[in-house]
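Student: Could you take one part of this model and go over it closely, then show how the rest of the chain sits around it? I'd like a single connected walk-through, please.

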Amino acid sequence: MRRIISILMENEAGALCRVAGLFSARGYNIESLTVAPTEDLSLSRMTLVTRGSDEIIEQILKQLNKLVEVVKVMDLTEGFHIERELLLLKVKAKSAEQRTEIKRLTDIFRGKIVDVTELSYTIELTGAGEKLDAFVKAIDLGDIVEVVRSGSSGISRGDKGMRL
């Protein structure tokens with residue numbers, strides 16, 4: 001089962017390495033990982049996506065809570081949450097027909113063209129992973145120059161936040 005785990009941790013050197021090491025040492029895979037400082041500059045928020053049975057996820061959560069730098073751990077998939085990814089896609093756009101089709105698809109998926117050259121467009125798109133997958137599949141594979149994805153970021157719905 002796919003799980004999104006949010007971790008509030010001290011913003012210090014080596015903290016990310018210890019979390020990644022915990023997964024590596026136990027043979028668990030991290031599908032995606034995003035980390036950034038929070039409104040409190042002494043804390044960072046890490047969002048990671050992994051897969052495993054309920055028993056494996058329970059073990060992961062317990063092990064994460066044992067790390068000194070970890071302040072709080074939350075499995076976002078246990079409740080209502082919002083999940084988004086960022087996609088940057090560079091595509092060939094040589095002809096007027098290609099440019100028109102790329103613009104049309106970008107508009108349909110509510111994306112933005114953020115860079116234009118004589119030969120290419122770079123498109124920015126945010127949303128659920130399935131939406132981004134569908135957009136990439138809609139583009140002719142031969143026209144794709146480069147794909148960059150951020151991985152999932154998530155937050156719980158409602159008025160409560162993940163704080164100290």
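Tutor: Sure. Buried residues make up 38% of the 164 residues in the chain. Keep in mind that this is a predicted model. The part I'd zoom in on is helix 3, residues 96–108, but a bit of context helps.

The chain has four helices and nine strands, and reading along the sequence gives the pattern β-α-β-β-α-β-β-α-β-β-α-β-β. Its C-alpha trace spans about 55 × 35 × 30 Å along the principal axes. Of the contacts with a separation of 6 or more, 72% come from residues 24 or more positions apart.

Now helix 3 itself. How far apart should its ends be? With 13 residues at 1.5 Å a residue, the expected span is 18 Å, and the end C-alpha atoms are indeed 18 Å apart, so the two agree. Which of its residues are buried? Those are R99, I102, L105 and T106. They cover an arc of only 135° around the axis, which puts them on the same side of helix 3. The general background is simple: an α-helix has 3.6 residues a turn, so residues three or four places apart point the same way. On the face turned away from that buried side, helix 3 carries the exposed residues A96, E97, T100 and I108.

What lies over the buried side? The cover includes strand 5 (81–92), strand 6 (112–116), strand 7 (120–127) and helix 4 (129–138).

Just past the helix there's a backbone detail to check. Helix 3 is followed by R110, which is found in the loop between helix 3 and strand 6. Phi of R110 is near 55°, a positive value in a residue other than glycine. For background, most residues other than glycine have a negative phi. R110 counts as exposed because its relative accessibility is 74%, and the cut-off for exposed is over 50%.

Helix 1 (15–25) makes a handy companion case. Its buried residues are A15, V19, L22 and F23. They sit within an arc of only 95° around the axis, which places them on the same side of helix 1. Turned away from that side are the exposed residues C17, S24 and A25. Strand 1, strand 2, strand 3 and helix 2 are among what covers the buried residues of helix 1. After helix 1 comes G27, whose phi is positive, near 75°.

Helix 2, residues 54–66, has 13 residues and reaches 19 Å from its first C-alpha to its last, close to the 18 Å expected at 1.5 Å a residue. I57, I60, L61, Q63 and L64 are its buried residues. Looking down the axis, these fall within an arc of 165°, so they line one face of helix 2. The face turned away carries the exposed residues E55 and K66. As for packing, the buried residues of helix 2 meet strand 1 (2–10), helix 1, strand 3 and strand 4 (70–75).

Strand 4 holds K72, which counts as partly exposed because its relative accessibility is 34%. Leaving aside neighbours within four places in sequence, K72 is in contact with S6, I7, L8, M162 and R163. K72 and E83 are eleven residues apart in sequence and 19 Å apart in space, C-alpha to C-alpha.

Those names lead to the pockets. The largest pocket has a volume of about 220 Å³. It is lined by 14 residues, and E39, R45, G161, M162 and R163 lie nearest its centre. Strand 3 (43–51) and strand 9 (153–156) are the elements giving two or more residues to that lining. By class, the lining of the largest pocket has five nonpolar, four polar and five charged residues.

The second largest pocket, at about 180 Å³, takes us back towards the cover of helix 3: strand 5 and helix 4 each supply at least two residues of its lining, as do strand 2 (30–37) and strand 3. E83 is one of its lining residues, and others include R2, E31, R51, E85 and E130. The class count for this lining is two nonpolar, four polar and six charged residues.

Definitions and conventions: Residues numbered from 1 in each chain as written. Predicted model: local features only at pLDDT ≥ 70, side-chain atom pairs only at ≥ 80, totals over all residues. Heavy atoms only, no water. Expected span 1.5 Å × (residues − 1). Buried < 20%, exposed > 50% of the residue type's maximum accessible area, 1.4 Å probe, protein only. Arc of directions from axis to C-beta. Contact = heavy atoms within 4.5 Å. 1 Å grid on protein atoms, 1.4 Å probe; cavity = no way out; pocket = protein on both sides within 12 Å on 5 of 7 lines; lining within 4 Å. Points joined across faces, edges and corners; volume = space filled by probe spheres on them. Nonpolar A, V, L, I, M, F, W, Y, C, P; charged D, E, K, R; others polar.
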